[in-house]
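Visitor: I should like a close look at a single part of this model, namely its largest nonpolar core. Please describe which residues and elements build it, and where it lies.

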Amino acid sequence: MRSRSLLPGWIALAVCLAALAGALASARAGEPTEPAASAAPAPAPSDASPRGAGHGLYPLFEDAEVPAAWMPPGVAATPVPSDEVFPPQTIAIRFNHGWHVKQLKLSCRACHAGVYESEAAKDRNLPSPETCDGCHDCNHSNLAAVKAGTDPNGQCAFCHLGEDAGVEGVVALSVWPEPNLRFPHKKHLARNIGCPQCHGAVDELELATRDQLPRMAGCFTCHALSGAAAGDARGDCTVCHLTEPNGLLRTAFPTGKLEPPHWLHGADHGPDWIARHQPVAAANSAMCGSCHASPFCTDCHDGKVRPRQVHPNDWLSMHAQAARQDSPRCVSCHQLQSFCGDCHRRVGVARDAPAANRGAGRRFHPPEAEWSRATRGARHHSFEAMRNLNACVSCHTERDCASCHASKGLPGAGGTSPHPLGFESSCASALRRNPRPCLVCHESRSAVLGRCR
Amino acid sequence: MLGEASRERAAARSSAWRSVRPWATVAALALASTPRMALGVDFEIDGDVFAQGYDVAGPWGDVLLGRKRFGAVLGFAAYNLQGEARPLEADYSVALRMRVDTDFGYRAGETDYADDPTLYVPGMAYAPVDLMYGYVEGRDLGGGWFGFRVGRQYVTDVLGWWSFDGALLRLTTPFYVQAEVYGGLEQRGGLPLSSPRFERPGVWRGSHGDLEGDLAADFPSYQYAAPAPAVGFAVESAGPNWIHGRFDYRRVWSTGAAFTRQFPAHEGGGYPQVEGLRLSSERLGYAGSAFLPEIGGAKGGFVYDVGTGVVSRAYGALEFHVGEPVTLGAEVDYFVPTFDLDSIWNWFTHDGITTTLARVALRPVEHLDVTVSGGARLWMAEGDPAAYRGADSTSIAPDLVTDVGARYAWGTGQVRVHGGVETGFGEVAQNRGRRGGADVTVAQELVPDHVWLAAGTSVYGWSDPLRTHRDATSFGYVVAPELAPADFVRARVEWEHDLNRLVGQRFRLLGSLSFRAEVSP
């Protein structure tokens with residue numbers, strides 16, 4: 001007898017081969033950049049042809065567009081790095097990475113040796129000026145009195161920008177603010193994660209700018225482990241983002257407010273976010289809780305002061321029509337019997353409002369002849385109730401409805417059945433789960449309930 | 001020989017350990033229960049005090065309520081009880097928040113039947129005090145496997161925003177899945193320090209106060225509060241950021257007595273009641289999303305009300321990122337009102353409300369976000385009121401729904417514009433009415449970290465063919481200066497002035513004082 005396998009063999013083989021190919025490709029991408037030359041680099045050539053006027057000022061000569069393949073992973077989702085995580089920089093030097101790596105055979109480590117021991121993102125992993133002195137004909141040992149040599153490659157203006165750079169020892173200052181995140185370079189390098197895996201192909205570029213800093217979408221390539229996983233590459237926000245003492249993410253920065261990108265679970269906090277946040281919070285409230293403490297939610301969902309972004313000016317006057325349109329949905333934040341009912345009773349809208357608050361002959365609804373006593377027509381209350389029962393319940397108590405709909409309601413009332421079509425097929429389970437609503441309208445020994453039993 | 005010596009040393013160590021183990025255990029427990037404030041516990045105290053005054057007019061224009069509301073919220077929290085906080089390592093915290101909300105505009109008779117029966121408002125709570133939350137929490141315990149929360153707490157999921165008193169245990173595995181299980185008592189109105197906010201709609205429950213004795217029977221729709229046992233669990237994905245899903249199940253029971261018949265029994269004997277354990281709600285639901293950064297994504301979910309046997313909510317959305325600054329989307333939302341199973345209204349519910357929208361979100365220039373959406377909301381009813389046909393047919397009354405929003409931010413301020421129109425159209429929908437308008441709000445920081453000013457104006461119009469006496473056009477403006485004399489305190493005043501033909505002019509003045517202090521020894 002031949003047993004049937006779950007998967008045809010050729011599919012299993014194809015999946016295995018694809019997984020192997022993927023693993024090889026990913027391993028290749030993850031190779032650290034190997035030192036391309038010995039620790040003692042060759043002197044910098046004095047000919048300026050590859051680094052002449054216009055070179056080293058942009059990622060590519062004359063600010064040509066950098067191919068996507070050379071950019072950091074995730075750049076398609078986030079073309080520009082976050083201002084809040086990587087504050088804008090001022091780069092007042094020219095530098096040709098491609099020339100140093102490919103022509104001079106220098107490794108990343110030759111200039112950025114600090115990254116191999118760096119455990120914090122705020123570590124300054126740029127080379128000290130003296131590092132340049134090893135090849136360039138200059139002396140930065142005393143930054144108050146830097147000495148330029150005679151070779152063109154040792155002149156201040158060879159690297160430094162600014163009007164008359166080097167004249168009277170003045171050069172334009174570069175500003176590289178600390179990034180606002182946690183990032184241990186040492187840990188990543190130790191796991192064989194090479195520079196290009198986060199920064200892109202810097203060795204193909206001239207000047208490395210903010211554009212070569214990592215994008216969050218790229219981090220998720222690895223940071224997708226579940227909470228209790230043994231590895232550190234978990235997907236939790238707090239793995240990379242800075243936190244406040246209460247454990248929430250720090251979101252306020254001088255450069256702006258940190259908000260989720262538009263592609264993260266559709267949580268883009270755009271102008272209509274309040275109206276659209278429910279599905280995101282329903283699926284992943286922990287993500288919301290990464291930045292927002294409970295009071296942030298209670299201010300709207302259980303607040304005592306009207307939130308303006310939900311209810312604009314003069315909401316008291318227009319809210320009745322909004323409730324009729326179920327927009328916004330009242331029950332998202334309000335309990336109908338208490339929040340709505342309390343006020344409706346006080347102002348005399350509700351049927352069981354105090355006599356003093358409800359003048360004789362005043363009706364909120366159309367005339368009784370159309371609204372309740374007439375046979376069903378376009379203005380009959382039954383259609384409004386079927387369409388939007390919540391609007392009814394915000395004013396009425398069960399007694400109001402039972403007075404006519406109950407089989408034992410007010411004397412002379414009709415006992416009109418409000419049940420939807422096909423209700424009888426499910427009434428037995430309803431009665432079993434909770435008999436109370438049945439007994440509001442039906443006698444416990446009535447034939448109707450007998451049929452449901 | 002060496003091995004033997006080694007074994008002896010190991011045995012000696014083991015014996016020594018056995019002798020000290022009880023003491024070590026006691027010491028460990030004592031250490032765990034001793035406050036270790038000096039090791040990095042962070043305290044946080046915050047609060048709000050607010051007062052607001054405004055008039056509320058009834059539908060006939062009379063000014064009935066002169067509301068003079070005063071409220072206060074006080075919160076306390078202590079984080080990192082274990083000492084220094086380290087990401088992904090166990091941490092413990094305590095948090096609680098209480099508040100009082102009162103209206104000094106109440107008239108005495110509204111809460112006291114004996115004072116003036118013609119003014120008495122059944123069920124009205126005067127100056128309610130509630131504990132919003134108060135819990136002890138532990139996270140990332142056991143290498144990230146466990147977490148817990150004990151006390152009054154919120155649960156936010158596809159079943160809604162909910163609160164209970166009890167315990168929640170969270171299990172997080174390395175296998176891309178985590179689970180929560182919880183049990184306790186639902187927070188219900190009328191119970192100590194509780195609010196009715198988290199009950200299912202359909203039943204008023206609370207402190208009867210003045211409703212005791214014979215008076216209670218005059219208001220049989222107002223039920224007594226009693227503890228409501230609740231249990232639930234959730235299974236949720238964990239880890240990958242491009243896909244996420246969460247399944248939830250929750251069941252709540254009602255206990256105690258509840259009036260059934262709303263009128264005295266014809267055969268005498270007053271108002272019958274039911275007593276004992278009965279189902280209050282039983283629901284399950286799922287919400288999920290999957291997004292690929294460079295393409296777009298989808299999200300969706302549903303809620304099935306087991307108690308009534310209906311899908312009470314279903315929704316879905318698709319989004320496509322058409323280049324970085326433009327996102328196109330389509331959304332559908334289906335909603336059927338459902339209620340506490342003590343309520344009769346579950347059995348009045350017939351059809352759902354279905355809303356379909358197309359949406360565009362774009363960023364035409366940096367710092368400017370614009371969203372535009374439009375579609376239809378479909379109201380269903382058994383029977384056709386236009387053709388006067390019976391329940392063998394279903395009629396659909398559509399509303400046209402549009403919404404436009406824009407926000408431009410410049411670091412120290414922003415301007416927001418929001419507008420929209422919702423109007424019934426078609427023969428069946430002619431009675432649905434319309435509402436439309438727009439508002440503009442500008443906020444600007446005037447003195448860095450100290451003074452802010454927000455101002456806005458709005459124009460809205462609405463009409464309801466069933467209640468033409470309520471049609472109006474409203475113009476309003478609001479001005480709100482805010483001052484922070486110190487890092488830990490903020491004072492805000494909000495002045496709102498609205499004009500429409502129903503109320504003439506309405507003024508609203510709101511003052512609030514917020515403070516927040518952090519102490520990290």
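Guide: The following account begins with the core and then turns to its surroundings. The model is predicted, and chain A averages a pLDDT of 84, with 87% of the residues scoring at least 70. The largest nonpolar core holds 35 residues, and those that touch the most other members are A:W263, A:A282, B:A78, B:Y133, B:Y154, B:V158 and B:W162. From chain A, helix 8 (216-219) and helix 10 each supply at least two residues of this core; from chain B, strands 2, 4, 5, 6, 11 and 14 each do likewise. Helix 10 of chain A gives the largest share, 4 residues. Because domain 1 (27-219) and domain 2 (237-301) of chain A both contribute residues, the core lies between them. One of its members, B:V158, touches A:A282 across the chains, as well as residues of chain B including B:R246, B:D248, B:Y286 and B:V303, residues up to four places away in sequence being left out. A second, separate core has 33 residues, among them A:L336, A:F383, A:A385 and B:I344.

The wider contact between the chains takes 114 residues from chain A and 147 residues from chain B. On the side of chain A that touches chain B, the elements giving two or more residues include helix 10 (278-283), helix 14 (336-346) and helix 16 (381-387). The residues of that side divide into 54 nonpolar, 39 polar and 21 charged. Some parts of chain A call for caution: pLDDT stays under 50 over residues 1-7 and over residues 22-50 of chain A.

Definitions and conventions:
Residues are numbered from 1 along each chain as its sequence is written. Chains are lettered from A and ligands numbered from 1 in the order in which they are written. This is a predicted model: local features need pLDDT of at least 70, side-chain atom pairs count only at pLDDT 80 or more; totals for chains, interfaces and linings use all residues. Two residues are in contact if their C-beta atoms, placed from the backbone, lie within 7 Å. Ala, Val, Leu, Ile, Met, Phe, Trp, Tyr, Cys and Pro count as nonpolar, Asp, Glu, Lys and Arg as charged, and the others, Gly among them, as polar. pLDDT is the predictor's confidence in each residue, from 0 to 100. A nonpolar core is a set of buried Ala, Val, Leu, Ile, Met, Phe, Trp, Tyr and Cys residues joined through C-beta atoms within 7 Å. A residue is buried if 20 or more other C-beta atoms lie within 10 Å of its own, exposed if 12 or fewer, and partly exposed in between; C-beta atoms are placed from the backbone. Domain bounds come from an automatic or database domain assignment.
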